Amino acid sequence: ANAYHAADRWIEVTKGLPVNKHVAKITASKFNPGRVYVVLNDRRQDNHTPYIYVSENYGMLWRPVTANLPASPVNVLIEDTDKVNVLYCGTDMGAYISKDGGKIWTAINGNMPAAVSVNDMFIHPAEKKLVIGTYGRGVYIIDDLSKLR
């Protein structure tokens, strides 16, 4: 049995993550079974630090992947369904894409208001369109992801 998958007990995997933060999203990788992303935020303290971490070993070690994201809470992170290392995240200040696993982030503007809060997103499995859910502004759909990737 894998030490990270003990069936009879829970294993603490938060070592190295900031303490007393809200877990907003956990995303398991489609490309690497040991890879997992966690999104944290801290609205209680009016903290605008973006917190996105990745582990390559089932949560035993974490590293931040926020690079150049603006000072804004992060709400969601997803992987691209077809391209490894392409990530999308939603913050209180808009949607972003990284083509290199979180080293560099670029704003996804399109026809969305620049500072809209993005609460959720997913890639439609059949249509391969990025669906972005915002707080109070509606739903936006990016029809052609190839232009972003």
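A residue is called buried here when its relative accessible area is under 20%. By that cut-off, buried residues make up 42% of the 149 residues in this predicted model.

**Figure 1. The whole chain is built from strands, with zero helices and 11 strands in the protein.** Reading from the N terminus, the elements run β-β-β-β-β-β-β-β-β-β-β. The radius of gyration is 16 Å, close to the 15 Å that the globule rule gives for 149 residues, so the protein is as compact as a globular protein of that length. Taken along the principal axes, the C-alpha atoms fill a box of roughly 50 × 40 × 25 Å. Of the contacts with a separation of 6 or more, 42% are accounted for by residues 24 or more positions apart. The protein exposes about 8,500 Å², and carbon and sulfur atoms supply 54% of that area.

**Figure 2. Here we zoom in on strand β7, residues 94-98.** Five of the five residues of β7 are buried, so this strand is largely enclosed by the rest of the structure. Have a look at how its residues alternate: Gly 94, Tyr 96 and Ser 98 point one way, Ala 95 and Ile 97 point the other way, and all are buried.

**Figure 3. Strands β6 and β7 form a hairpin.** Two residues lie between the two strands. Strand β6 covers residues 87-91 and pairs with β7 in the antiparallel sense, over five bridges. One pair to pick out is Thr 91, whose bridge partner in β7 is Gly 94.

**Figure 4. Strand β7 also pairs with β8, residues 106-108.** Three bridges join these two strands, which run antiparallel. To find your way in this view, start from Tyr 96, whose bridge partner in β8 is Ala 107.

**Figure 5. The largest nonpolar core has 18 residues.** If you would like some landmarks, the residues with the most contacts inside this core are Tyr 88, Ile 108, Val 118, Met 121, Leu 130 and Ile 132. The elements that give two or more residues to the core are β5 (74-79), β7, β9 (118-123), β10 (130-134) and β11 (139-142). Strand β9 supplies the largest share, three residues.

**Figure 6. Another core, of 12 residues, lies apart from the largest one.** Among its residues are Val 39, Val 65, Leu 69 and Leu 87. Leu 87 makes a handy link back to the hairpin view, as strand β6 covers residues 87-91.

Technical notes: Residues are numbered from 1 along each chain as its sequence is written. This is a predicted model: local features need pLDDT of at least 70, side-chain atom pairs count only at pLDDT 80 or more; totals for chains, interfaces and linings use all residues. Side-chain values use heavy atoms; hydrogens and water are left out. Buried means under 20% relative accessible area, exposed over 50%, partly exposed in between (1.4 Å probe, protein chains only). Helices (H or I, at least four residues) and strands (E, at least two) are DSSP runs, numbered from the N terminus. Two strands pair if DSSP finds at least two bridges between them. A nonpolar core is a set of buried Ala, Val, Leu, Ile, Met, Phe, Trp, Tyr and Cys residues joined through side-chain atoms within 4.5 Å. The radius of gyration is taken over C-alpha atoms; the globule rule is 2.2 Å times the number of residues to the power 0.38. Contact means heavy atoms within 4.5 Å. Accessible areas come from the Shrake-Rupley method with a 1.4 Å probe; for residues, only the protein chains shown count as cover.
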